[in-house]
Amino acid sequence: MKFTVLTLFPEFIENSMHTSICKRAIENGYLELETCNFREYTENKNGRVDDYPYGGGAGMLIQAQPVYDAYMAVTGGRKVRTIYLTPQGEVFNQAKAHELAEEEELVFLCGHYEGIDERVLEEIVTDNISIGDYVLTGGEIASVVVMDAISRLIPGVLGNHDSADTESFENGLLEYPQYTRPEIWRDKKVPEVLLSGHHANIEKWRQEQSLLRTKERRPDLLDGQ
Ligand code: ADE
């Protein structure tokens, strides 16, 4: 998978993605990351990429020209799935992560200020994605969230690929509670069934716990089932 991120803050993306599991995945060649600061493409003599909105109103807008020229430079005009991070987008979830993980290449466009001139969005964006119903100062954090969720679905990225399957959301439910040593901690004992070695009973207990936890914490996930 190759991720290309168009952003005014490439160092934020580089620092975030060169950490932990994504860092290892980049080093081992499962992921490729390119960042492009579209400020470098502006035709404005002072290096500006923003201007006042036509019709008035608060804040500044990013102009179409630097974004489009940066996009053309990184894609060479090829059709690449291009994601704009915006609170106006489809709310990101695990199903969307799976869908995007099928692509060989993705471009992420991160906005700032009050947004980006609509005409360049019409020209290059294939998917509008929001990471939740709140407003961030820019799309960078959202792009890292989306890239991280996609990365761990790419075969080889997680050390033990099995561990992706049992996670929360993979079967529409939250994951069951887990325990490690010691067997008793602050008078709290690990559930007996997990010490029994009886695999069928353990599996049954885990399924029950998943359902219970989902009912308690995220009943909305059960509505569609
Ligand atoms: N940019 C600003 N807020 C955002 C959000 N909630 N999701 C994605 N991108 C954003």
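Helices (at least four residues) and strands (at least two) are here DSSP runs, numbered from the N terminus. The exercises below concern a predicted model.

**Exercise 1. The shell around the ligand**

Determine which residues surround the ligand, which strands supply them, and how the shell divides by class.

Solution. Begin with the list of residues around the ligand, which runs through Leu85, Thr86 and Pro87, continues with Ile129, Ser130, Ile131 and Gly132, and ends with Tyr134, Val135, Leu136, Gly138 and Ala142. Next, assign these residues to secondary structure: strand E5, residues 82–91, and strand E7, residues 127–130, each supply at least two residues of the shell. The largest share comes from E5, which gives three residues. Finally, sort the shell by class, which yields eight nonpolar residues, four polar residues and no charged ones.

**Exercise 2. Polar atoms and burial of the ligand**

Find which backbone atoms lie at short listed distances from ligand nitrogen, and state how much of the ligand surface the protein buries.

Solution. Take the residues in sequence order, keeping in mind that a polar contact requires a pair of N or O atoms within 3.5 Å. For Thr86, a polar backbone atom lies 3.2 Å from a nitrogen atom of the ligand. For Ile131, the corresponding distance between a polar backbone atom and a ligand nitrogen is 3.0 Å, and for Gly132 it is 3.1 Å. Turning to the surface, the ligand taken alone exposes 260 Å², of which the protein buries 96%. As for its location, the ligand sits in the largest pocket.

**Exercise 3. Backbone geometry**

Locate a cis peptide bond and two non-glycine residues with positive phi, and decide whether those two residues are buried or exposed.

Solution. As background, most residues other than glycine have a negative phi, and most peptide bonds are trans. The cis peptide bond joins Arg181 and Pro182, with omega at about 10°, and Pro182 belongs to the loop between helix H7 (162–165) and strand E8 (184–185). The positive phi values are found at Ser20, where phi is about 55°, and at Arg186, where phi is about 50°. Ser20 is part of helix H2, whereas Arg186 is in the loop that runs between E8 and strand E9 (188–189). To settle accessibility, apply the cut-off of over 50% relative accessible area for an exposed residue. Ser20 is exposed because its relative accessible area is 54%, and Arg186 is likewise exposed because its value is 68%.

**Exercise 4. Three residues and their partners in sequence**

For Tyr30, Gln94 and Met1, give the place in the secondary structure, the accessibility class, and a distance to a second residue.

Solution. Tyr30 is found in the loop between helix H2 (20–27) and strand E2 (32–37). Because its relative accessibility is 36%, Tyr30 counts as partly exposed. Tyr30 and Leu158 are separated by 128 residues in sequence, while their C-alpha atoms are 10 Å apart in space.

Gln94 belongs to helix H4, residues 94–101. The cut-off for a buried residue is under 20%, and Gln94 therefore counts as buried at 17% relative accessibility. The side chain of Gln94 makes a polar contact, at 2.5 Å, with the side chain of Glu170.

Met1 lies in the segment before strand E1 (2–7), and Met1 is buried because its relative accessible area is 17%. From Met1 to Glu122 there are 121 residues in sequence, and the C-alpha to C-alpha distance is 25 Å.

Note on methods: Residues numbered from 1 in each chain as written. Predicted model: local features only at pLDDT ≥ 70, side-chain atom pairs only at ≥ 80, totals over all residues. Heavy atoms only, no water. Near = heavy atom within 4 Å. Polar contact = N/O pair within 3.5 Å; in protein donor to acceptor, adjacent residues only side chain to side chain. Areas by Shrake-Rupley, 256 points an atom, 1.4 Å probe, with all protein chains shown as cover. 1 Å grid on protein atoms, 1.4 Å probe; cavity = no way out; pocket = protein on both sides within 12 Å on 5 of 7 lines; lining within 4 Å. Sits in = over half its atoms within 2 Å of the grid points. Nonpolar A, V, L, I, M, F, W, Y, C, P; charged D, E, K, R; others polar. Buried < 20%, exposed > 50% of the residue type's maximum accessible area, 1.4 Å probe, protein only.
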